[in-house]
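Hi,

Here is the structure we talked about handing over. Have a look at it first, then read on.

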Amino acid sequence: MSVINSDNSDKSDFDDDEDKKSDLDNAKLTIEILEYQKLLATVKVFSDWLLCNKKIIQSISKIATTMWPKLAVLLNIIPSEKQIMSNSICTNKYVRNLITKSLETKSWNNQPLSEDIHMRALNALKLEHLSLKFDLNKLNQLSVFDEHLLRLCLLRRFGYLMASFSQSQKSCGGFNFFEYDLKNNTFTAVQIENVDKSEKTTEPSVSKEDQRLKLMKSMAQLRLEAEISQLESTCRAEENQWSPYLVMDTSVICENLKIVQELSRSNKFLIIIPLTVIDQIDLMKKESKQAREAIKWLEIQFKNGNRFLRAQNQHEVIEKANLNLKKKDFELWRYSQIIDCCNFFQKQFTQSNQDAKQSNIVSLLTNNYERFSSEKFDNLTKLAKDNGIQILKAVEFYDAWKK
């Protein structure tokens, strides 16, 4: 009887070994197949961007109903870290040590991959790149396959972080959208239909349009933060005398379009066109050839996504429009809207950069300097200057800048 038990035990051990070997063979085949999917590097960059922008994750957690299931499918296809770092798959000892250390410390290593090297100057990924050591000698130690193995581990790390973020959000009364089952080593996207019905009845309903607007507002804020970060280097330059933000008056756009075009092409400034200026040019285009040329050029720039010229967004205001002033004195109201636009960008920049000087951040370029200095506009002009905003003659600014 003991012999029979021994035979069964040996057979069981043999079967276990065969199963493990089969699992590793399957894992190796899966890894080889995934290596041909060149978009994985792009997926990793996207995941890094999301990790840098937790507000976006929070905004899309409930409305990105197709993204989370697809992420779960991808992560469940990727073999586990233990399989990836097995001797039969990973032959590079340095890579095995990196994966082992990440499992032990529950944090990822500081080894950058090729996509990190290429994207290192991108401010949108700055937070994720802070922990990386851009040692090109170590990068040269990695083969394309080694990088592929590390990339797969990083994608799984993203899954763990999303599951953790989801649980934290749930504990604070938010929506649980992503889970990781440690026992079965599987990722799962939580469907909206599975949310407790009692929660649905007690919480106020939020329409899809409200969710979309919230997401768009978060994206716009991210865009502004990226612009500010991009302009930081301009403000840090020694003896910098030029404002990084240039706000354009209607007269400049129409009468000095070539100056605006050259300033835009210089890549040294972020040119902002206030909404009230766009409205005014649109009204003028029927009777003014200059206005027609200006609006046509602006439309092309907005459509092509010029990084250094854009229109003011609807939410980029400090004070709500004074409708009484609009009825009483339309010209004064329009000027107040331009000044408010300047104040918004001045405030946003100084809030994000505590070390930045209050002055020389935003300049309003105009051809109506004398008119805006008159008694009628005096209060608004004084308010702008007190906030550190410069009001300059467009041609004089351009001539000084060219010199």
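Below is what turned up, starting with the basics and ending with the charged pairs.

This is a predicted model, so local features need pLDDT of at least 70 and side-chain atom pairs pLDDT 80 or more, while totals for chains, interfaces and linings use all residues. Residues are numbered from 1 along each chain as its sequence is written, and side-chain values use heavy atoms, without hydrogens or water.

The chain has 21 helices and seven strands (DSSP runs, H or I of at least four residues for helices, E of at least two for strands, numbered from the N terminus). Of its 403 residues, 42% are buried (under 20% relative accessible area, with over 50% being exposed and partly exposed in between; 1.4 Å probe, protein chains only).

The largest nonpolar core holds 50 residues (buried Ala, Val, Leu, Ile, Met, Phe, Trp, Tyr and Cys joined through side-chain atoms within 4.5 Å). Helix α18 (residues 330-352) gives the largest share of that core, nine residues. A second, separate core has 41 residues, including Leu50 and Phe177.

Now the charges: there are 14 salt bridges in the whole structure (a Lys or Arg side-chain nitrogen within 4 Å of an Asp or Glu carboxyl oxygen). Asp48 and Lys44 pair up at 2.7 Å, N to O. They sit four residues apart in helix α2 (residues 40-52), so about one helical turn separates them. Asp48 is buried at 7% relative accessibility, and Lys44 is buried at 2%. Both belong to a salt-bridge network with Asp116.

Cheers
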